[in-house]
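Q: Hi, could you walk me through this one? I'd like to start with the cysteines.

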Amino acid sequence: MCRNARCGDGIVGPGEACDDGNMIDTDGCSNTCRTASCGDGVMQPGEECDDGNMVNDDACSNACRNARCGD
């Protein structure tokens, strides 16, 4: 029996970077089957913030750290 691959089925299919078989967005593999990274808009462990953009001079840096005076 053949079935179509889809994000969340636990099988890495075409166009997916990962597929951990769940719909938990904060576990390293997003709900869209992309590997979690700083700037993806989802707070991951070790990130102070993640505003989903690569603007370095706003409240959240490109390293996903809160802006501080003098940084």
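**Cysteines and other links**

A: Happy to! The count comes to four disulfides, a disulfide being a pair of cysteine sulfur atoms within 2.5 Å. This is a predicted model, where local features need pLDDT of at least 70 and side-chain atom pairs count only at pLDDT 80 or more, while totals for chains, interfaces and linings use all residues. Residues are numbered from 1 along each chain as its sequence is written, and side-chain values use heavy atoms, leaving out hydrogens and water.

Q: Which cysteine does C38 pair with?
A: C38 is joined to C64, with 2.0 Å from S to S. The torsion about their S-S bond is about 105°, so this disulfide is right-handed.

Q: And are C49 and C60 buried or exposed?
A: Both are buried, meaning under 20% relative accessible area, where exposed is over 50% and partly exposed lies in between (1.4 Å probe, protein chains only). C49 and C60 are also linked by a disulfide, S to S 2.1 Å.

Q: Why is C69 not bonded to C49?
A: The closest cysteine sulfur to that of C69 is in C49, but it is 16 Å away, too far for a bond. C69 is exposed, at 87% relative accessible area.

Q: New topic: how many salt bridges are there?
A: The count is one salt bridge, which takes a side-chain nitrogen of Lys or Arg within 4 Å of a carboxyl oxygen of Asp or Glu. E48 and R68 form it through their side chains, 3.0 Å from N to O.

Q: How exposed is R68?
A: R68 is partly exposed, with a relative accessible area of 48%. E48 is partly exposed too, at 31%.
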